[in-house]
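Biologist: Let us look at this protein together. Please walk me through it, one question at a time.

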Amino acid sequence: MAMAGFLDRPLPPALEEYDDALHEWLPLLVSAAQDTRQLHRVLTHKVGLSKLGPRQLAVNLIVQLAERRAPLVRRHGSLLNSRPASRDSRRHAAAQPALERLPQWQSLPRVDCSTACGVASAIDRVRRGLPVLLSNASLRRDPRWDIDFLHAELGARQCSVLSCPAASRVFTVFRSGSQHGAYEANGDVRVEEMAFHQFVRCLREQEAGHFEGGRMRYLQTHLMERLYAESGESCVAPRQLPEGVVRRVLTDASLHPPWLQQLRREGGLGEWCLSTLWISPGDACSRCHIDLHNNLLLQLEGRKRVVLLDPLEARHLYLHPISHPLDMRPRVCIKSPDLEQFPRFAEARGFETFLEAGECLFIPRMWFHEVDSLTTSASLNFWFESTWPSIVSDLPPSMDVMLQLARDTELALVDTLGACHIASFLQFALTADEESSGADECKYPARWTYLREELFEILLGWLGARERVEGFLFDFLHPHRFIGLHLKTAAKS
Ligand SMILES: O=C(O)CCC(=O)C(=O)O
């Protein structure tokens with residue numbers, strides 16, 4: 001039944017008087033609505049929901065219910081609505097048990113760097129901001145960049161090692177900058193400093209099933225970075241690790257094969273800025289997150305599984321707020337998602353790939369990635385800094401720009417309103433057009449109306465049309481991202 005036809009039908013007279021009638025009507029409304037906004041509009045304007053009690057509360061509840069009941073209901077006219085689900089597939093999905101509705105990952109294209117045609121297709125994907133797995137990346141020649149080699153080179157050097165409870169095996173970095181302190185979060189990941197040989201001893205014990213102090217350890221240490229002088233000149237500086245090894249990384253042809261230069265020049269990778277060495281026991285998981293830079297992750301030893309989701313998938317991942325210590329990380333766990341709490345995740349799509357020793361993965365900036373070590377692993381990555389557009393030349397903007405725009409918007413709102421008001425403001429921003437005048441408007445501070453208009457004006461410059469702005473707010477800055485999180489007392493006052 002199309003929504004228009006549904007609206008033409010007379011409403012049941014009891015609906016405005018009895019909450020119970022709503023229970024009968026809700027499934028019908030949900031299956032007829034193209035999207036939750038349309039449902040929201042019908043409930044507020046047509047059905048006269050205000051009779052049911054505090055209106056906003058009731059509407060919110062119903063919209064949440066709708067999302068739970070019909071996780072595949074898509075926004076009509078959303079700028080991101082690129083994979084519309086047919087009504088039949090929605091019904092089918094709703095009938096399936098939750099586990100079978102988990103996202104299916106596609107396998108990632110793999111190209112052979114030893115052929116001109118492979119390099120050309122890698123360049124094409126890097127230019128388009130798409131991930132790609134590069135095989136025959138010409139690693140592991142001489143010297144063999146494996147753990148034994150690094151052990152011999154690095155011996156007594158101090159390195160940064162993360163630890164987490166061995167039972168969890170999940171390494172999630174909690175961000176501690178002042179921007180990230182507004183929410184309560186229980187971090188169980190700690191950073192320790194230890195000599196490289198001490199870490200290797202620990203690693204070998206972990207391989208034998210012994211976890212000192214019940215904790216699993218994962219070496220993640222910055223190897224070298226590019227520093228800029230005031231003159232604009234730059235140089236490569238060692239971080240924690242000895243100059244000699246840094247030089248070898250820089251000059252070793254097996255780490256700098258010709259295709260890499262070509263990728264940088266022709267693919268627009270950006271300027272190399274930082275490298276990190278990752279050495280993990282089998283079974284360790286680096287929890288899903290985004291980075292702000294393009295990344296080449298070279299596998300030196302062992303095997304990893306990587307799941308990648310594009311930046312627009314943020315709309316299915318319920319990102320932590322920007323002022324939360326877990327900023328840049330989804331709230332939903334992508335391995336065992338709670339679809340009751342995070343129903344939009346059922347729509348997520350992504351890629352899965354297996355990274356073998358000697359291969360290299362291009363992870364474009366702002367792509368979500370979760371990395372599982374399937375065996376003891378050593379990887380070295382190269383982050384490349386590239387510029388962001390200051391004005392938009394393409395409409396809609398590219399995926400990475402869109403997610404960055406959402407982050408910038410959220411940060412500006414936190415600066416203006418404080419972390420404690422952001423969820424209510426976003427609720428207001430999404431629904432103000434549908435609110436009737438009068439008593440409801442008093443619920444929100446008057447200046448929010450101006451702030452909202454200003455926000456729409458700015459976003460229009462980036463997105464080109466008002467419906468796109470609405471779609472953008474609905475997809476990336478939906479207030480449901482904040483439900484159930486606890487602000488620190490200071491942030492509330
Ligand atoms: O290999 C890992 O565990 C994580 C790598 C990663 O997140 C990165 O290179 O950005």
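Modeller: This is a predicted model. Start with one pair of residues: V111 has its bridge partner in β3.

Biologist: Which residue in β3 is the bridge partner of V111?

Modeller: Strand β2 covers residues 110–112, and β3 covers residues 132–135. The two strands pair in the parallel sense over three bridges. In β3, the bridge partner of V111 is L134.

Biologist: Which helix makes a β-α-β unit with β2 and β3?

Modeller: The unit is right-handed. Its helix spans residues 116–127. That helix is α6.

Biologist: Which residue in β14 is the bridge partner of V132?

Modeller: Strand β14 covers residues 360–363. Three bridges join β14 to β3, and the two run antiparallel. In β14, the bridge partner of V132 is F362.

Biologist: Which strands each supply at least two residues of the shell around the ligand?

Modeller: The residues surrounding the ligand include N295, L297, H369, V371, S379 and N381. Three strands each supply at least two residues of this shell. They are β11 (294–301), β15 (368–373) and β16 (377–385).

Biologist: How many residues of the shell around the ligand are polar?

Modeller: W278, S286 and D291 are also among the residues around the ligand. By class, three shell residues are nonpolar and one is charged. The number of polar residues is five.

Biologist: What percentage of the residues in the protein is buried?

Modeller: The protein has 16 helices and 16 strands. Buried here means that 20 or more other C-beta atoms lie within 10 Å of a residue's own. Of the 493 residues, the buried share is 38%.

Methods: Residues numbered from 1 in each chain as written. Predicted model: local features only at pLDDT ≥ 70, side-chain atom pairs only at ≥ 80, totals over all residues. Near = placed C-beta within 6 Å. Helix = DSSP H or I, 4+ residues; strand = E, 2+ residues; numbered from the N terminus. Nonpolar A, V, L, I, M, F, W, Y, C, P; charged D, E, K, R; others polar. Buried ≥ 20, exposed ≤ 12 C-beta atoms within 10 Å, placed from the backbone. Pairing = 2+ DSSP bridges. Right-handed = clockwise from strand over helix to strand, strands pointing away.
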